[in-house]
Amino acid sequence: MLDTPIEYLKGIGTVRADVLKKELGIYNALDLITYYPFRYVDKTKFYTISQITDELPYVQLRGVIDSLEIVGLKQTKRLVVKFKDNTGNIDLVWFKGYNWIAQQLKLGVEYIVFGKATNFMGRYNIAHPEIDEVTADFFKQQSAFQSVYNSTEKLKFKGLDSTGIRKVQGNLIQQLIPEHCPENLSQEVIAEHKLISHFNALIHIHFPESAQQLKDAELRLKFEELFYIQLKLLKLNKVRATTTQGFVFSRVGEMFNTFFSNHLPFQLTNAQKRVLKEIRLDMGSGRQMNRLLQGDVGSGKTLVALMSMLLAIDNNFQTCIMAPTEILAQQHYQTFINLLEPLNLNIAILTGSSKVKQRKQILEKLLSNDIHILIGTHALIEDVVKFASLGLVVVDEQHRFGVAQRAKLRNKNTNPPHILLMTATPIPRTLAMTFYGDLDTSLIDELPPGRKPIKTVHYFENQRLRVNGFLKEQIALGRQVYIVFPLIQESEKLDYQNLQQGYDNLVNEFPAPTYQVSIVHGKLSNEQKDFEMQRFIKNETQIMVATTVIEVGVNIPNASVMVIESAERFGLSQLHQLRGRVGRGADQSFCILLTGAKLGADSRLRMKTMVSTNDGFEISEVDLKLRGPGDIEGTQQSGVMDLKLANLAQDGHILQLARQAAQSVLDEDVNLELEKNKVYQQTLIKQQQTKTDWSKIG
Ligand code: ADP
Ligand code: MG
């Protein structure tokens, strides 16, 4: 039944079917019934026109049409209907499809009108309301939880507005019997989590009769949605662990030990030690490591990477680290060269700006096993970059790379190398579980000692003089300052003008020779960027004006003041990353957020959050609530974003339960062979098939 092509369902036909396919990707009955309402309205409640206020989200009115006329010219042409009840009157307005609507509407007949009333110049009107004639059984259909569906212009044109979609859902559901919707969870799981049946859930999500029914239906459907994602991820992880041979890094050898005993520049934090141990055990276990290392900005991930890489070298393997920007790759190269100098290792850097000759040499040396450590940017992914024996791949700031790019590194050896992904963009636990559910995770939850929390303040642009005064004080103390300007593609030209303007103003305010100001942005060549960075690193310039090219990774401990211009234009995770460029040395660091005077509610919350906490995880939770999971960096390509019902910002507890349930199913029966688990095997296969079908069509 649920496989029935959409055109054969009651009330649809070929014309509507075409639009449903094109607009919503609904091909069969199953697609339709899993096209869930996006909200519910109370259709048992009526208002009078006199009761309307700005606060009401939607109103349902009962009354008659007094008059109707089409007014306005061209763009502003519209149908205006005067609608009245005993308490007053209101305008109903249509800007589209008004000719047809005008023909349908009758004077003196009683109508029910439903929509959002807005106040225009002191008078309320409702644009594009739902309007139905009062018929004998009209009130029987009205429910306190009437489903509302997203529709599109083209669908509406074919009568499939929200009401139309609800009608075809109703037709379908009337024909459904439980056998059409077999259970897709085992009785065990259903009983344990007190879930209602799959069949009932499908019906009640569209036509709930009470708040409780709706709640139960939502819980059941969200649970199964999240359960299957977790089942897939956890199964993948388990299967990979048993089938993929990992290189066994059996020994902790000379390089690691020498470095650890003699050349470590400081004591490792407990968190670094713990994480290194997790990595060491994993790489020695015989399984191939796929590990995500999370640690807030400045927590010392680089050192963990470096020491893990020494383990690879001790076991006669090559290793590489990939960074998202040239600046960051250069910085890692310097760090590695400095720290590893006494060990006499061959370390090379390969980026987009490597010279042809150099590049050729590096490629040869990689193949002849004469390079131990390769550091680079995206350039590492290219097919021509081949290793003799790559044993460990580190991806720094991994959220900057796509899934496909990471996969390519995996294939740089016949047996996949161990993989360590590092990220400083903390993501909320719920997201981590979903997007990295197939990875093991390690967490550095401690900053190196002696760090003073960064003081963050929010100033308005008209307080700039004060800010400049403060910067002069800090520079007099020997500190350095970053000043970051926003730069986004959509307004690139204007943003560059602002950047240049800002730079000019600064040079005026901070004149040479007392002050030296560097500037770095995307339009400079890599040599120029590097030159300016080096000047700043050597403390030849005190101020670095930059765009977000310095957002990730850059580590210059003496720079202790971060000024963020037009801070309201940045997202929270970006602000946090930028702030993370300071607070890296022993001195008190500051972050100054400069904004315009007028701020929207979201911007105000972002500034408030930044001022009140330095905790990346706390910030990421607020970010998730503000933006929703779809916009969180690095999640777009993960392919699990097509959640139909569950909301990762709100349903963390359901996710937790679903993950536990999936885990215990797999712990007992990883291949899903037990009788009670057959249903999982079948559903997974079915999901796989539907996916491939879609891709053929798409
Ligand atoms: P991130 O985790 O953001 O990549 P980095 O690896 O760049 O952080 O480290 C930030 C700074 O902290 C660097 O200057 C690094 O040398 C320093 N650092 C790392 N580990 C320690 C430690 N255990 N004790 C003191 N300083 C440390
Ligand atoms: Mg880093």
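A residue is called buried here under 20% relative accessible area, exposed over 50% and partly exposed in between, with a 1.4 Å probe and protein chains only. This is a predicted model, in which local features need pLDDT of at least 70 and side-chain atom pairs count only at pLDDT 80 or more, while totals for chains, interfaces and linings use all residues. Residues are numbered from 1 along each chain as its sequence is written, chains are lettered from A and ligands numbered from 1 in the order in which they are written, and side-chain values use heavy atoms, with hydrogens and water left out.

1. A nice place to start is Tyr482, which is buried because its relative accessible area is 0%. Phe536 also counts as buried, at 0% relative accessibility.

2. The rings of these two residues, Tyr482 and Phe536, have centres 5.4 Å apart and planes at 50°, so they form a tilted pair (centres within 6.5 Å; planes under 30 degrees apart are stacked, over 60 edge-to-face, the rest tilted; Phe, Tyr and the six-membered ring of Trp count).

3. Do have a look at Phe227 and Tyr680 too: both are buried. Ring pairs join them with Phe223 and Tyr228 in a cluster.

4. Two lysines are worth a glance, with NZ of Lys or CZ of Arg counted as over a ring within 6 Å of its centre and within 35 degrees of the ring normal. Lys523 has its charged end over the ring of Tyr496, 4.2 Å from the centre, and Lys472 lies over the face of Phe510, at 5.0 Å from the ring centre.
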